[in-house]
Structures are given as structure tokens and as C-alpha cells.
2 protein chains.
Amino acid sequence: MDLVTLADIEAAAGRVAGTAVRTPLLPCPWAPRSPLWLKPENLQPIGAFKIRGAYNAIARLTDEQRARGVVAYSSGNHAQAVAYAAREFGIRAWIVVPKDTPVVKIEATRSHGADVVLSEVGQREAKAAEIQAETGAALIPPFDHPDVIAGQGTIGLEIAEDLPEADVVLVPVSGGGLISGVATAIKHRSPKTQVWAVEPELAADTAASLAAGELVDWSVADRNRTIADGLRSQPSPLTFAHQQAYVDGIVTVSEAEIRAAVALLAEKANLVAEPSGAVSVAGYLNRDLPEGRTVAVISGGNIDPAVFTEILAR
Amino acid sequence: MDLVTLADIEAAAGRVAGTAVRTPLLPCPWAPRSPLWLKPENLQPIGAFKIRGAYNAIARLTDEQRARGVVAYSSGNHAQAVAYAAREFGIRAWIVVPKDTPVVKIEATRSHGADVVLSEVGQREAKAAEIQAETGAALIPPFDHPDVIAGQGTIGLEIAEDLPEADVVLVPVSGGGLISGVATAIKHRSPKTQVWAVEPELAADTAASLAAGELVDWSVADRNRTIADGLRSQPSPLTFAHQQAYVDGIVTVSEAEIRAAVALLAEKANLVAEPSGAVSVAGYLNRDLPEGRTVAVISGGNIDPAVFTEILAR
């Protein structure tokens with residue numbers, strides 16, 4: 001299987017510059033053990049790293065393809081990312097969401113100018129295929145595509161540039177687009193730096209798969225138990241191959257540890273992180289990870305305000 | 001009166017690089033009218049812009065002066081800034097705080113390695129002078145010093161570099177060190193950009209002073225009414241002279257508007273801002289300011305967690 005290359009990611013960096021924020025590394029004087037820096041991707045214009053991959057994938061279309069618009073199925077950060085990126089290019093975007101999606105998420109996607117298309121629950125892919133057939137729009141997948149992986153990998157380039165002497169980089173894992181890109185960039189630019197995945201215990205299909213050496217399937221019902229609603233997907237063969245090639249290890253964290261990390265990031269780092277974005281810090285605080293200069297990627301901040309307030313008020 | 005120069009600020013930028021985070025400008029797709037970017041100084045390692053001025057002031061001491069340590073009187077962000085900067089230089093810092101300071105603030109300052117010295121309420125300056133006399137330590141004032149102003153001005157340089165076509169920059173004002181530096185940098189680098197001050201209605205001594213053309217005194221009791229506890233100081237002749245020279249206008253905001261801005265920044269920008277840091281956005285949202293590309297400086301994020309939770313839970 002062809003893996004994404006450093007050159008792919010470097011080219012993506014040129015494309016996303018000016019749309020994705022060049023996030024700084026934030027030193028954490030409050031860190032209890034190994035020195036810690038945060039990579040705050042929750043500060044992207046749509047509140048999550050997904051803008052990088054979506055923008056790169058749309059930029060890689062031909063002018064003719066792009067003119068026909070893009071389609072995506074997602075009710076989360078990928079939906080907003082595709083909508084935002086499409087608006088930057090001045091093209092149409094159709095976002096397919098299941099009927100039971102909370103209205104606040106639909107409004108966020110609509111606010112970026114996308115056409116939100118409701119589908120029956122479980123019928124998102126079929127509906128997206130229908131739109132593709134009708135309009136000729138290009139499908140932008142959330143993680144299972146080399147251009148999406150290359151876009152997310154620009155985070156790894158930035159980390160290697162800002163802290164070339166990093167010992168460990170901690171990355172939330174779900175579908176695996178983020179860690180595939182970051183690990184590819186880090187292992188080529190800064191080979192001594194270890195890349196570790198962090199996953200919720202309640203959606204630990206990637207940990208199980210890496211242990212088994214092959215993709216292990218967890219049921220949707222099982223994966224949906226975690227509060228980290230951005231980490232309920234499973235790797236694809238493509239993202240799993242990147243992880244087998246480049247990821248040094250994986251740890252899992254409990255729901256209580258995730259909540260505590262969200263609260264700590266608000267109090268100590270002045271960042272609003274969603275549970276999915278805070279798992280990296282939960283791993284840093286609670287697991288036996290390699291010592292040394294550590295970077296935790298905070299992948300996003302789109303948390304339900306009621307959930308955030310409840311976590312803070314404990 | 002000699003004002004700080006662009007060259008002073010450029011030199012300060014070289015000094016603070018590597019200690020102060022080079023904060024990005026964050027675009028705000030949710031902004032209702034004029035396009036808005038945030039300058040998130042709440043992401044500095046001590047949670048506020050003050051690290052820039054404190055570090056620059058300590059860097060400007062002679063080796064001999066610096067070896068004798070530094071002293072400051074503050075219970076807020078300046079205390080943490082001096083403590084943090086002193087540790088970076090490997091020198092001693094004495095921070096004088098009144099006896100009634102909440103223990104959480106004392107712990108934050110101590111965590112950066114400073115000696116916290118308790119004083120009788122209202123006796124901070126006398127106690128600091130005593131320490132100076134005993135130890136030869138250099139006093140680092142919170143705003144009334146050219147080196148401090150030049151350090152804060154590095155924020156203006158970064159704004160002018162990242163968004164040279166900015167039309168308006170909004171800056172919280174209190175003692176005036178921040179806006180003096182920012183306005184000096186902006187007016188020299190990007191003269192068409194307007195710089196506006198934003199101040200709480202309940203501590204509007206700067207607005208009164210600018211209207212009167214001379215410093216107007218508000219009582220401590222009056223100024224202490226605002227929730228924006230970082231904005232309860234008054235300008236000095238030095239910072240007032242900078243404001244008269246370079247600031248285009250000033251607006252005041254209500255307590256309710258400040259609280260709403262804190263909540264909005266958490267929900268839409270994934271940032272924890274302290275009330276003092278959020279006044280710029282409160283001004284943007286609620287006052288009749290010049291149209292166009294607007295930058296709001298978020299000066300800090302050190303909010304009492306209980307106050308933050310209460311604001312979010314409304």
C-alpha cells in the first residue's frame with residue numbers, strides 16, 4: 001500500500017497556509033513531570049484540525065472537479081471543515097447529516113455557507129452517493145484519503161520545526177487521519193521523536209488492532225459510549241498501514257481522565273478543548289509514557305457548552 | 001516627555017522571542033459584522049501579556065543589577081510575569097502581595113519560583129522599597145516604565161506583521177502599559193490602522209482623562225467595582241502621554257457586556273479569557289466602532305474558575 005510521503009505533506013503545507021492558522025506550541029509551566037507543550041488545533045477557524053485535510057483535499061481537485069462542488073457526510077468537525085474550505089474556494093458544498101443530529105451542529109455547518117442535507121439515520125453514505133451522481137460533486141472523506149492525511153500531516157511539520165528536539169508527540173486517534181499525517185511528518189523530519197496514540201478505553205479499537213496486528217472491529221454501540229464523540233470512528237486499511245509503519249505506541253484513557261483533562265486545560269492553559277481533543281493530555285497525566293520533552297496535540301474544541309459547564313462545575 | 005520609540009520595541013522583540021509565545025491572529029468566522037481576528041495573549045505561559053514587558057525590563061538590567069534580583073508588588077498577572085521571567089534568567093524575585101490576597105494567586109506566583117512577601121494592606125510599595133534597600137534588587141514596575149511599555153509593544157509589531165491591512169485594533173486599558181506599547185508600534189508600522197482603547201464603565205478613569213485632556217483621578221473604591229480585576233489601575237503621566245499621542249479613541253463597556261464576551265469567547269473561539277481580557281471583544285460587539293478589519297487583543301485568561309463557571313452557567 002502506498003503511504004503518504006513527506007513531499008506530499010510539504011506540498012500540503014504550502015496549500016493550507018493562509019487558511020489554517022499556524023498554531024504555536026504553548027509551553028506549560030504547570031506540567032507536573034516531563035516538560036509539556038500544547039499544539040492547540042482547537043484554535044483553527046472551525047475549532048479543529050480538520051480544516052487542514054479538507055482544504056488540502058479540495059485544493060488537490062482539478063478546476064473542473066472543484067467547479068462541480070464537494071460533498072461530505074459528517075455531523076462533526078469534518079462537516080464544518082469541508083463547508084469552510086469550500087467557501088474559501090467559492091464553491092458549493094453539500095453536507096449530509098443524519099436526521100437526529102443536534103440542531104446546533106447543523107447551524108454551525110450552515111453558518112459556513114454549506115447546503116445541509118438531512119438523511120435517514122444510517123443512510124448518510126447512500127445519500128452522499130446520490131448527490132454525487134446528481135451533481136458530479138467530489139466526495140471529501142473525513143480521513144480515508146491520502147490528501148486528507150497529508151493535510152493533517154502539516155501539524156507534524158510545524159511541531160518538528162518549532163521543537164525539533166521533542167522526545168514524544170501525543171496524538172488523539174480515531175479514524176487515524178490525524179496521527180497518520182503527523183507520524184509521517186515527524187518520522188521523516190525528526191526520526192528520534194516518538195509518536196504515541198491516545199484513545200478512549202471505551203473506543204479502543206485502534207489499540208486492539210495494533211496489538212492484534214490487523215484491523216479489529218468494535219461495534220458502533222460500543223464505540224459510541226465514550227464522551228469523546230470525535231473518536232468513535234475506526235481506522236481504515238490506509239490509516240492503519242501508516243500507524244503500523246510510524247506509530248511507536250498507544251495508550252488508552254478513562255472517561256474520568258478525559259473529563260479531568262478538559263477541566264485542567266481550561267484552568268491552566270486557558271483553552272476550551274473538546275473531550276476528543278483532551279485525550280492527549282489525559283494520557284500525558286495518567287499513563288506511563290516515555291520521559292522527555294512532550295507535545296500534546298489538542299485536536300479540537302467543539303464541545304457542547306452544557307457539557308463543558310458540567311465538567312467545570314464538578 | 002520622551003516616548004518609547006519603534007526602535008525600542010523592535011529591540012524588545014528580539015529579547016522576548018523564545019520566552020513570550022509568538023501568538024497568532026485567530027480569524028473569527030462567527031463575527032457578526034466587521035471581520036474580526038483575536039490576538040490571544042491569554043495563551044502566554046503565565047496566561048497574560050505581562051510576560052513581555054517584565055521579561056524585557058529584566059533583560060535591560062545590567063548583569064550586575066540582575067544578579068541582585070528583582071522585586072515587584074502585584075497580586076495579579078504582573079506578579080506571575082516577573083516571577084516567570086526571573087526564573088528564565090536564573091535570578092531571585094521577591095513579589096510583595098497584600099495579606100488579603102487569595103491563596104490561589106500566591107500559589108501561582110510561588111510556582112514560578114518567586115519569594116512571596118506578605119505586606120499589610122496598602123503597604124506594598126513601602127515593603128518593596130524595604131526589600132530594595134536590603135538586597136539591592138531592581139524594582140520592576142507593572143506599567144510605568146519605558147522598558148515595560150516597549151515589551152508590551154511587541155504585540156503591536158506582531159499584529160502589524162500578520163495583518164498590515166488591519167483597520168482597527170482594540171486594546172483593553174488600565175495602567176496603560178499595553179496600549180501605549182501597542183499603539184506606538186502600530187502607528188509607526190501601519191499608520192492607517194486605528195487603535196482604540198476599551199475600558200469598563202465602572203473603572204473609566206482613562207476615558208475621563210482623555211476627555212478632559214489631563215489625568216483624572218478615580219477612587220480605588222470606585223475602580224474596584226468592576227469584575228475586570230486587571231483593569232483597576234490608572235494611567236501614569238508616561239502612559240497617558242503615549243495615549244494622547246497615539247490612541248484614536250476609547251469606548252467603555254458594561255459589566256454584563258464583559259461577562260457575555262467571556263462566555264462568547266469560550267463558546268465560539270475556544271478561549272478562556274479573564275474579564276479584563278474580554279473587554280476588547282465586548283467593545284467590538286456592543287459599541288459603534290470604525291468599520292473594517294478588526295483585531296481584538298485578548299490580554300489574559302487568569303480568571304477564577306468559580307467565576308468562569310458561573311458566567312458560563314447563566
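The backbone oxygen of Pro164(A) sits 3.3 Å from a polar atom of the Ser190(A) side chain. That's one local detail in what is a predicted model, and the rest of this briefing covers the setting of Ser190(A) and then how the two chains meet. On that second topic, chain B and chain A bury about 1900 Å² between them, and a rotation of 180° puts chain B onto chain A.

**Around Ser190(A)**

- Ser190(A) is in the loop that runs between α8 (177-189) and β8 (194-200) of chain A.
- Buried or exposed? Ser190(A) counts as buried because its relative accessible area is 8%, under the 20% cut-off.
- Setting aside neighbours within four places in sequence, Ser190(A) touches Ala160(A), Pro164(A) and Ala185(A).
- Pro164(A) therefore turns up twice here: it is on that contact list, and its backbone oxygen is the one 3.3 Å from a polar side-chain atom of Ser190(A).

**How the copies are related**

- Superposing chain B on chain A takes a 180° rotation with 0.0 Å of shift along the axis, and the RMSD comes out at 0.0 Å.
- So the two copies are related as by a two-fold rotation axis.
- In chain B, Leu271(B) has the C-alpha nearest that axis, at 2.5 Å.
- The copies meet through the same surface, because 100% of the interface residues of chain B are also interface residues in chain A.

**What the interface is made of**

- Each side chips in: 26 residues come from chain B and 26 residues from chain A.
- Of the roughly stated total, about 1900 Å², 70% is on carbon and sulfur atoms.
- Pro29(B), Leu43(B) and Asn270(B) supply 30% of the area chain B buries against chain A, which is more than any other three residues manage.
- As for polar links, there are zero salt bridges between chain B and chain A, while four residue pairs are in polar contact, both partners at pLDDT 80 or more.
- Which elements give two or more residues to the chain B side? They are β1 (26-27), α12 (255-269) and α14 (305-313) of chain B.
- α14(B) gives the most to that side, with five residues.
- Sorted by class, the side of chain B that touches chain A has 17 nonpolar, seven polar and two charged residues.

Definitions and conventions
Residues numbered from 1 in each chain as written. Chains lettered and ligands numbered in written order. Heavy atoms only, no water. Contact = heavy atoms within 4.5 Å. Buried area = accessible area lost by both parts, 1.4 Å probe. Salt bridge = Lys/Arg side-chain N within 4 Å of Asp/Glu carboxyl O. Polar contact = N/O pair within 3.5 Å; in protein donor to acceptor, adjacent residues only side chain to side chain. Helix = DSSP H or I, 4+ residues; strand = E, 2+ residues; numbered from the N terminus. Nonpolar A, V, L, I, M, F, W, Y, C, P; charged D, E, K, R; others polar. Buried < 20%, exposed > 50% of the residue type's maximum accessible area, 1.4 Å probe, protein only. Least-squares fit on C-alpha atoms with pLDDT ≥ 70 in both.
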